[in-house]
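Got your viewer open and a selection tool ready? Load the model below and let's walk through it stop by stop.

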Amino acid sequence: MRPAHKPLHVPAEPSSPGRRAVLAALAGAGAAVALGAGTAAASPAAVSSPASPTSPSSHGAAGGDTLLVKAFPDAETERLRLDRSLRASDFIPTGRYAAPGATVALRVRSAHGVLPVLHIGTFDDYNTNTDLKAPRAFRLRPGLNEVVDSYGGPVYLSFAGHGQRAAVTFVSGVERMAVFELGRTSEAEFQRRIDTVTDVPWVELVTERAILTLTREGALLYRDEDHTALMSLFDTVIGSHDRISGLDGGRPLDRPKAGRYHFNEVSVVPKGVGAYAWHGFNGFPRAYMDRLCTVSGLTTRGWGLYHELGHLNQQAAYQAGSLTEVTVNIYSLAAQRTLGRPSNLLTVDPKTGLDWFQSARAKLGTPGLSYVDDLGAYEQLVPLRQLELAFGDDFWPRLHRLVRTEHQHDAPVEDYDHPPAVEARQYRALATYASRTAGRDLTDFLVGKWAMPIDARGIAEIAALNLPKPDMDPSTLSD
């Protein structure tokens, strides 16, 4: 379904350390700040129970109200490196909340002159109040800063750079949130925080790869879940998307995205929309919470989350507008396989009695067949899955690495109604990259069988590769 609005969506279904101590920590404890390869973040769990800066599990905590943070590439830098259509998150969760209109006082010290940015609020892109569509950003200066946000909300930092370090001390104006951090917060402690932190309307669950931001009301609905299992599952899904994207860390281009992915409860979505994706986050309404916040739901009925996270992984080089809701499910299928779930492509349509492989194949050879106009989204996904079945499970990882190698540096997605020339270019890119990755001339498969709109220039570009034809007909394959 094409979006009615920009976001892509899936249809419904106390005292601080002294200056000398802080500067010493900045100089010596930087290694403890990073969370995950190539990432950095302040630890929300450390907010509640400060650890020693020298502890390998402290993630840079240096006292109850001071966070040590280490810079990492910002969202746009990472989008360009990965040639993605959407920017993902570069937020560092702080575990703090600012009430509406509160004066937030914080002191910033930097060892290298680079300074973090403060953000207050949550993402809610369909909110009718334009001020509430995204967190508000406040640039910081060295020393004491005072900021006021009329609406309030969770407090985040972003810190763009390459390993520079800074210390942020919250002096006044913030409250501690109820936060669960995977591997650091026990279930009992999290439950205690939920029961005692009753005046803060937001709750967060955090891993090294994910931020899950929920209203307190939403979190209470599923408070009895095993949150270690739930957040481990988030990391597993993210890992499945990394693998299908070829992000194995074998070279700098192939490192997983710096920082976390952000999953945010939102107040409103358009009619018929189950969830959506946009720059920086995935948005989920209360109606989706039974899948977002439960281990069983996310495992067995979590396609919406797999799909929306997939939008943050789509590569721009071959994301034609008409493919936006198709190539995204390369990642959804990968998540299903990782979790041991049956493929959605094998779901039988009660109207036809056929699964999507069968219904799509029944249309092949139809006079005047159009891939874009005559096939549904799942049917359009079939040939993309057949490329894996024909040329190996590493087909899409290899294609992603090839695209990154050639540094497409496409502009970020802002509108999905692409001009015809852009659509044609992106379909040509899909066809030529797929042929190069397979090592086979895929003209007969993509154009002859599946009637993809590959223009004459694209057909000539494939022919110029002088590749042999496939050894078998990939269009006959199914799971």
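What follows is a tour of this model, with something to select at each stop.

**The whole chain**

Before you zoom in, keep in mind that this is a predicted model. Show everything as a cartoon and you have 18 helices and 16 strands to look at. Of the 479 residues in the chain, 58% are buried. Switch on a surface if you like: the accessible area is about 17,800 Å², and carbon and sulfur atoms account for 54% of that.

**An open sheet**

Now select strands β6, β5, β8, β3 and β10. In that order they make an open sheet of five strands with antiparallel pairing. Which strands stand at the edges? They are β6 (136-139) and β10 (175-176); each has a single partner strand, so one side of each has no neighbour in the sheet.

Stay in this sheet and pick out β3 (residues 92-98) and β8 (residues 153-158). These two run antiparallel and are joined by five bridges. Show Tyr 97 and look across to β8, where Pro 154 stands opposite.

**β4 and its partners**

Next, select strand β4 (residues 103-110) together with β7 (residues 143-148). Six bridges connect them in the antiparallel sense. For a landmark, take Val 108, whose bridge partner in β7 is Gly 143. Then add strand β9 (residues 165-172), which also pairs with β4 in the antiparallel sense over six bridges. Here the landmark is Arg 107, with Thr 169 of β9 opposite.

**The loop leading to β3**

Go to the loop between α3 (75-82) and β3 and show Ser 89, which lies there. Is Ser 89 buried or exposed? Its relative accessibility is 3%, so Ser 89 counts as buried. Add Gly 259 to the selection: 170 residues separate Ser 89 and Gly 259 in sequence, yet their C-alpha atoms are 6.9 Å apart in space.

Asp 83 is in this loop between α3 and β3 too. Check its backbone angles: phi is positive, about 50°, although Asp 83 is not a glycine. Most residues other than glycine have a negative phi. With 1% relative accessibility, Asp 83 counts as buried.

**A right-handed unit**

Select β11 (residues 178-181), helix α4 (residues 187-196) and β12 (residues 202-206). Together, β11, α4 and β12 make a right-handed β-α-β unit. The strands β11 and β12 pair in the parallel sense over four bridges, and Ala 178 stands opposite Val 203 in β12.

Turn on the side chains of β11 and you'll find both faces covered. Ala 178 and Phe 180 are buried on one side, with Val 179 and Glu 181 buried on the other.

**Aromatic rings**

Time to show the aromatic side chains. The structure holds 14 aromatic pairs. One of them is Tyr 276 with Phe 281, arranged edge-to-face with 5.7 Å between centres and 85° between the planes. Both Tyr 276 and Phe 281 are buried. Add Phe 91, Phe 123, Tyr 126 and Tyr 156, and you have one aromatic cluster together with Tyr 276 and Phe 281.

While the rings are visible, try Lys 257 and Tyr 261. The charged end of Lys 257 sits over the ring of Tyr 261, 5.0 Å from the ring centre.

**Helix α14**

Select residues 377-391, which are helix α14. How far apart are the end C-alpha atoms of α14? They are 22 Å apart, which agrees with the 21 Å that 15 residues should span at 1.5 Å a residue.

Colour α14 by burial: 12 of its 15 residues are buried. Among them are the charged-looking picks you may want to click on, Glu 379, Arg 385 and Glu 388, along with Leu 381, Val 382 and Phe 391. Just after α14 comes Gly 392, with a positive phi near 110°.

**Two last stops**

Jump to the loop between α11 (329-338) and α12 (356-363) and show Arg 341. Its relative accessibility is 33%, so Arg 341 counts as partly exposed. The C-alpha atoms of Arg 341 and Arg 301 are 9.6 Å apart, and the two residues are 40 apart along the chain.

Finish with Asn 466, in the segment after α18 (456-463). Asn 466 is not a glycine, but its phi is positive, about 55°. Is Asn 466 buried or exposed? With a relative accessible area of 68%, Asn 466 is exposed.

Key: Residues are numbered from 1 along each chain as its sequence is written. This is a predicted model: local features need pLDDT of at least 70, side-chain atom pairs count only at pLDDT 80 or more; totals for chains, interfaces and linings use all residues. Side-chain values use heavy atoms; hydrogens and water are left out. Buried means under 20% relative accessible area, exposed over 50%, partly exposed in between (1.4 Å probe, protein chains only). Two strands pair if DSSP finds at least two bridges between them. A crossover is right-handed if, with the strands pointing away from the viewer, the path from the first strand over the helix to the second runs clockwise. Accessible areas come from the Shrake-Rupley method with a 1.4 Å probe; for residues, only the protein chains shown count as cover. Rings of Phe, Tyr and Trp (its six-membered ring) pair if their centres lie within 6.5 Å; planes under 30 degrees apart count as stacked, over 60 as edge-to-face and the rest as tilted. A charge sits over a ring if NZ of Lys or CZ of Arg is within 6 Å of the ring centre and within 35 degrees of the ring normal. The expected span of a helix is 1.5 Å times one less than its number of residues.
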